[in-house]
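Colleague: I'm new to this one. Could you pull it up and walk me through a few contacts?

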Amino acid sequence: MKQELVRFLVGSKKETFSIHRDLLDANEFDWAWAGDCGYMQTDNTGQYPELDFVSPCVFRGFIQWLYCGQLPTEDMIKSFAYPEVWDNGQEDESLACSMAHELYILGCGFGMLSLQRKTMAYLTNTYESAQQVPSLAWVEFIDRFDKEELWLVYVDLYAKFYAKNDAGRDFWILHRDFLNLPEKFREEVLKRVGEGN
C-alpha cells in the first residue's frame, strides 16, 4: 500500500519537501491551523502547505526530528544553509540552541506538543547544565511569540543564573543589558529573585 506524501513549499524560494502524511498525523499536525491561516494552497496536484515564513534550514531540522525523534546536532546544522543571524557573533548560543528555539515556535504553530516538549527540554537542560541564561535576542523572540510556558522557564533561568553567567563583566554593562529585557519579563525575574527562587 502506497503511503500518501504531503508536499510542503518552504521559504521565500518555495523549496519542496515531501513528508509522509501518516507521520504528520501521528504527531498531531494541526491541519485546521494550516487552512485557517491561509497556508494550505491548491493546484492541479492537490492541496499542500505553503510556509514562506519558515526557513528551509529549520524545516530540515523539523524533518530530522519527525523521522528520527532527535533534534539536529551542531555538525548536522553546519551542513545546512542556516540563517546568518545564528552565526553573527552576537549570540552566545550554539547553532543547536538556535535551531531548538525556532523548532519550538514551529511546534507551537503546527500544534505538535511532542516537538514543543522535546525542544523545551533540550533548551532547559542546555542552559541549566551550563548555568547560563538565554540571550536578550532569544528572550525577545519568545516574548514576541507570546509562548508563556518557555517564557516562564526563561524567567526561572534568569532568576537563578543571570549574575553568575556574567560575574566577570562590568556591573553597569550587565545592568544595561538587564534593562533591555522586555519589561514584564524583567519584573517577573526581579519578583522571583525577591522570593528567593
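Colleague: Which residue forms a salt bridge with R192, with the closest N and O atoms 3.3 Å apart?
Modeller: Keep in mind that this is a predicted model. Look along helix 10, where the two residues sit four apart and so are separated by about one helical turn. Both residues of the pair are buried. The partner at 3.3 Å is E188.

Colleague: Is R192 buried or exposed?
Modeller: Buried means under 20% relative accessible area. R192 comes in at 16%, so R192 counts as buried.

Colleague: And which residue of helix 8 does R192 link to?
Modeller: This pair joins distant parts of the chain, helix 10 (residues 183-194) and helix 8 (residues 148-165), 36 residues apart. The side chains meet in a salt bridge of 2.0 Å, N to O. The helix 8 partner is partly exposed, with a relative accessible area of 31%. Together with E188 and R192, this residue belongs to a network of salt bridges, and its name is D156.

Colleague: Which residue of helix 3 meets E15 in a salt bridge?
Modeller: E15 lies in strand 2 (residues 15-20), and the partner in helix 3 is 45 residues away. E15 is partly exposed at 29% relative accessible area, and the partner is partly exposed too, at 28%. The side chains meet at 2.9 Å, N to O, and the partner is R60.

Colleague: How many salt bridges are there in total?
Modeller: The rule asks for a side-chain nitrogen of Lys or Arg within 4 Å of a carboxyl oxygen of Asp or Glu. By that rule, the count is six.

Colleague: Are helix 3 and helix 5 roughly parallel or roughly perpendicular?
Modeller: Helix 3 (residues 56-68) packs against helix 5 (residues 95-110) with the axes 10 Å apart and at an angle of about 75°. Angles of 65 to 115 degrees count as roughly perpendicular. So helix 3 is, relative to helix 5, roughly perpendicular.

Colleague: How many residues of that contact are nonpolar?
Modeller: Helix 3 brings C57, V58, F59, G61 and F62, while helix 5 brings M99, E102, L103, L106 and F110. One residue of the contact is polar and one is charged, and the nonpolar ones number eight.

Colleague: Which helix gives the most to the largest nonpolar core?
Modeller: That core has 57 residues, and F8, L24, F59, F62 and Y154 have the most contacts inside it. F62, for one, touches L103, L106 and F110, among others. With eleven residues, the top contributor to the core is helix 5.

Methods:
Residues numbered from 1 in each chain as written. Predicted model: local features only at pLDDT ≥ 70, side-chain atom pairs only at ≥ 80, totals over all residues. Heavy atoms only, no water. Axes fitted to C-alpha atoms, helices over the stretch in contact; angles between N-to-C directions. Parallel < 35°, antiparallel > 145°, perpendicular 65-115°, else oblique. Contact = heavy atoms within 4.5 Å. Nonpolar A, V, L, I, M, F, W, Y, C, P; charged D, E, K, R; others polar. Core = buried A, V, L, I, M, F, W, Y, C linked by side-chain atoms within 4.5 Å. Buried < 20%, exposed > 50% of the residue type's maximum accessible area, 1.4 Å probe, protein only. Lists of a residue's contacts leave out its neighbours within four places in sequence.
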